[in-house]
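With the model open in your viewer, please follow the stops below in order, selecting the named residues or chains at each one before reading on.

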Amino acid sequence: MIDLAPILAKFPPVKHDAAANALIVPQALALEVAKWLRDDPAYRMDYASNVAGVDTLPVEKKTKVKQPDGTDKEIVTKKPGSMEVVYHLYSMALKHGPITIKQVTTRENPVVTSLTPIYRGAEFQEREAFDLYGIQFEGHPDLRRILMWDEFKDFPMRKDYVEPDDYEYEPTPHDAVLAKAKAHYPKASTSTEAAS
Amino acid sequence: MTPINPDQLIVQLTQWALSFLDSYPLVAVLVAILLSTVPLIAVFPGCFAITTWLERKGLARIQNRIGPNRTGPLGILQPAADGIKMLLKEDIVPKTSDRLAHFLAPVVLMVPAFTILSVLPFNRNMIPAAVDTGVILFFALGSVSTLAVFMAGWSSRNKYSLLGGMRAIAQMVSYELPLVLSGVTVIMMTGSLDTTKIVAQQQLSEWIQSSNAGLQCLGQIIGWNVFTPWGFAGFLIFFVASLAEINRCPFDLPEADSEIVAGHLTEYSGFKYALFFMSEYVSAFAINGLSTTLFLGGWSGPNIRPPWSDDPNALLIPGFVWFFAKMFALMLVMIWIRGTLPRLRVDHLMGFAWKFLLPLAIMNIFVGGFYYYAPRWHGIPVVGWPIGFLVMYLSYECIGRLNRGPKTAQRVYHYAS
Amino acid sequence: MSTETIAPREYQIYSGDDLRTNVLEISMGPQHPSTHGVFRMDVSLDGETVVKLKPVFGYLHRNHEKIAETTSYLGSMPYTDRLDYFCSMTNNWAYALAVEKMAGLAVPERAEYIRVIMAELTRLQNHASLVGFLTNDLGASGTPLLYAIREREHILDLFEWASGARMMCNYMRFGGVRNDLPSGWLAQCKKVVDDFPAFMDEFETLLTGNEIILSRCQNVGVLPRDLAINASITGPCLRASGVDYDLRKVDKYGIYDRFDFKVPLGSVGDCYDRFMIRLLEMRESVKILKQALATIPEGPVNDSKARNFRPKPAEAYGRIEGPKGELGFYLVSDGTPKPHRYHVRPPSFINLTVLEDMCLGQKIADAVIVLGSIDIVLGEVDR
Amino acid sequence: MLGIGILKGMVVTAKNFFGSFVNKRLLPTIQYPEAGNSVTLFSRNIPFLVYDNDEDPLGTMRCVACKICEKECPPQCIYIVMEKDANGKPAKRPKVFDIDISVCMGCQICVEVCPFESIKMDSTFELSTPDRFEGLLLKREHLLKSNTYFHKIHPDEAQEVDDRLAAKQKKPAPTPSTPAA
């Protein structure tokens, strides 16, 4: 495990997420931190292995708490959703790693700083995160869709993504698929329906 | 009635048939033309069919496969199946193509491919067109195919086709030079452009005229140009250049499938594609026939007189059997090369023609001249042969080394500690 | 290394007053004989020289990650077979490794050996067929490829014997492998491994000295060392550029620290180096296989507790040295039976980053072999 | 000397050319269908349902319609409806058991999760049909195959399964394990 204390000491706004052993880097500082990590002789994190977007929906949890007077009271705890970009950095020179750095942003307006100016290897993966999550990478040289086609409007990896209803006939529709099939082919009764 | 000479049987039959028309000279000429062209048009497509089968079977065996074996015994009917498939295919012409040129290209390719066959002597007295300048005619007509390939490439309005056409022009024009120059040595030695004379020059007539069967047989072989230093080098240069001239592997750049799909053939289908395909094989036969004529003794082969005949020119096995055997042997080598080698790149291809084959071919002309004038001992070239061979070998090594340069070499690899 | 990233080079077109040429734009693919699947290159050509090249892909995109996030952990295992359909065994292993890392599962000794054997067999067949495909791109009419496929069949037979399927093996499980090797498997495997060097000799005689291959591959598509590191290139492509970084040595995942093998390194980083590194790696894989087959112990092959588990909220990034490069899986669990986030780091996808840099200024024929020497599989690039 | 590498390569291909006539290893092609197919005792393709008694396939089928496989199937190609007896109580038998083999990817996960050893992998493969939809939807009747058949295609595995079931029978009344999460 790599000692993260020097980074935390050098960049006070960087926070340490102990559960994931990751550094949460504010967007304004991201480029600077990455550059320092890459060039610092003790770290030499010259290799950005993995870049992934993570989408978390807001959670609303209702718990019933018994009040002293005997009545139940609902307590609603809300956890806001978030959009994260996770980078796993390794060092090819010193053969150690990883250091995980995260940039956290909002789901509504996901903007983070692109690390492509530091790591060329992040180029395609950031484009992929942009394509599938709609995360804007500031400073990316060529931010275009990469896996989906250019005319595609939605972001399919988001947790609240709803598939379009371009349903293709399937002989074993059931449950959700069946509902969709019924909506799409109102008249056609499928064989399994007839059997059951 | 002269005794039957198996070698000349066909010729004699033809003359016998024509003798009936002596009183109608115009008809006789027309019939004579038909009698010499129809067999060409009949035989060579047949050879093409056999070759496609041989190629598919041979390549398959080289690649540890079985090859076609479902159509007839050993898949021998595969060419027929291919032909039927090809003819039944839809003839697709791209909308934006230049229709006339697109249509004409396969025809323009096919006509010279068949025409140049006419100057090849298939046997004694068996040459469709006995032209004094046969070799020149061959090269002149043969280079028309360049035009056809470019027509096909340009008229298709396809970028791959265009690239293929441009490659074809550059390649064919470049390789024409070493091809002709290596043939020039033979012409120099013979002193004639007539293909029949070139074949005759390769036969040791005193030996053939003698009564010893062994000498007769040997005399048909030992004089082949390929057994002289300049002839051997010339043959190799000619063969390599002819590979490029007919777009065979490893010089199949105009139709390089991994790079430009099928080059000039990309937009062709059905019958037109079949014509292209056949013309390419017929030109391959033609050029192999020429290299047989120039270097491998043409129709002469290990042959003896039939026992019933005293005619020194009578032969037991017809000469055209040897001619076709040699031609097919060269085709097989081409198939073998195709099964082994990857393709050259376009700039290497040019470099190979201009920086390697051309100097070698010019060197070969000098060696041929030296060989001609070098003193002989009882007619045996004791001086010319070894020195000529040495010079050709050394120039091969030197030019090869100069071309390789410091850039490409076998490398030594290291392991991480 | 410079302080900034290494930007793509620009290719200058000569534009004198007297000479004006047009750039020819060609869209190579998705239907093209040598794009290794449905891959497209938008190429601009100056004559035959590549002046611009943009890779376009996604034709095979099926949102593997989204499917994985709606199914159980085990349910994604068969889908990983279909990432790089040449190397399903290593894909399985990478995923199993990530899950094991996240859930803290232990793998029995015998299963570790089986995994190493399967992974190295996969490497053999992948590298052999890649070299075959590369020579096909060079224009050989399939001969080396068919020799490679001839040998690959023996390895696929072994896979089928062990797992039931030739390509979509779905063999590894969290905490081991699905079932033990059938009796007689190891003996047959030994035979295949012993026969392999003879094939390698034949292959090398056929290819390595061939003057056409030498002149076509050497100094073509050079990938400089610094750029290779900066662009996160992994696998044989990285080592051909002279960087000593093999996860089998660096991470020592599984039991790779027990085997004696070496990491071959290239010096130039051109197509010929990438081609040779693969041939040399095959020799090293044979070495590993011989050692593993000699020392494989008896014992259980999977952890029975590992079925249908529900991991605690955690995240993990597991990676292995796949035949094409570093194959990583990034998993985030939120305590439910389905992963909250499942991300694949596919090596061939990221190795394509430098395709343009390697092809600029080369001929169009070189662009094809540069692409071939990177070794991409579109199932993995597009996911 | 220039050309030596090419000549060496040509020798290799010539060896392979002539070798293919004498060496079986150099001509590995199997002529399907005359010379048999390549299905081995280990091949798996699509699932089938096992029954024990040839006289009464429906009565002795092992499947109890617990729907674990339906839930676990990664591409969701299994569809099960449990049969109800005259009183409307669930009979432990599937009334509908469909597998859409155009979707099935032969991953064997249904076999692994089945607690009753009732679904196993078949090795048939000649399943092409002109009917893209109904022809590729295998119903209960198509899927039911006897244990004898199972012994024929995968003898070792079938024997293991039989042994396991016999051991289970000895133990007092097996409780159907609950579907795991």
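Begin in chain C of this predicted model by selecting Glu151(C) and Arg150(C), which form a salt bridge whose closest N and O atoms are 3.0 Å apart. Both Glu151(C) and Arg150(C) are buried.

Next, select Arg319(C) together with Glu326(C): they too form a salt bridge, with 3.0 Å between the closest N and O atoms. Are these residues buried or exposed? Arg319(C) has a relative accessibility of 3% and therefore counts as buried, being under the 20% cut-off, while Glu326(C) is buried with a relative accessible area of 0%. From here, extend the selection to Arg167(B), Asp252(B), Asp257(B), Glu259(B), Arg343(B), Glu48(C) and Arg216(C), which salt bridges with shared partners join into one network.

Return to chain C and pick Arg383(C) and Glu65(C), a salt-bridged pair whose closest N and O atoms lie 2.8 Å apart. Arg383(C) belongs to the segment after helix H15 (378-382) of chain C, whereas Glu65(C) sits in helix H1 (residues 64-69) of that chain, so the pair ties together parts that are 318 residues apart in sequence. Arg383(C) is buried at 2% relative accessible area, and Glu65(C), with a relative accessibility of 2%, counts as buried as well. If you run a search over the whole structure, 69 salt bridges are found over all chains.

Now show chain A and chain C together. The contact between them takes 43 residues from chain A and 46 residues from chain C, and the area buried between the two is about 3,700 Å², of which carbon and sulfur atoms give 54%. How many salt bridges are counted between chain A and chain C? The count is 5 salt bridges, and for a closer view you can select Glu69(C) and Lys159(A), which form a salt bridge with the closest N and O atoms 3.2 Å apart. Across this interface of chain A and chain C, 25 residue pairs are found in polar contact. On the side of chain A that touches chain C, the elements giving two or more residues are helix H2 (27-39), strand S3 (47-56), strand S6 (82-90) and helix H3 (122-133) of chain A. Colour S3(A) separately, as the largest share of that side, 10 residues, comes from this strand. By residue class, the side of chain A that touches chain C divides into 21 nonpolar, 9 polar and 13 charged.

Move on to chain D and its meeting with chain C, where 29 residues of chain D are in contact with 34 residues of chain C. Chain D and chain C bury about 2,500 Å² between them, with 53% of it on carbon and sulfur atoms. Select Arg173(C) and Glu112(D) to see a salt bridge with the closest N and O atoms 2.6 Å apart. Helix H1 (4-22) and helix H3 (109-113) of chain D each supply at least two residues of the side of chain D that touches chain C, and H1(D) gives the largest share of that side, 8 residues.

Finish within chain D, where 3 strands form an open antiparallel sheet in the order S2-S3-S5. Strand S2 (78-84) and strand S5 (137-138) of chain D stand at the edges, each with a single partner strand, so one side of each is left without a neighbour in the sheet. S2(D) pairs with strand S3 (residues 90-100) of chain D in the antiparallel sense over 6 bridges; as a last selection, take Lys84(D) and its bridge partner in S3(D), Pro90(D).

Terms used:
Residues numbered from 1 in each chain as written. Chains lettered and ligands numbered in written order. Predicted model: local features only at pLDDT ≥ 70, side-chain atom pairs only at ≥ 80, totals over all residues. Heavy atoms only, no water. Salt bridge = Lys/Arg side-chain N within 4 Å of Asp/Glu carboxyl O. Helix = DSSP H or I, 4+ residues; strand = E, 2+ residues; numbered from the N terminus. Buried < 20%, exposed > 50% of the residue type's maximum accessible area, 1.4 Å probe, protein only. Contact = heavy atoms within 4.5 Å. Buried area = accessible area lost by both parts, 1.4 Å probe. Polar contact = N/O pair within 3.5 Å; in protein donor to acceptor, adjacent residues only side chain to side chain. Nonpolar A, V, L, I, M, F, W, Y, C, P; charged D, E, K, R; others polar. Pairing = 2+ DSSP bridges.
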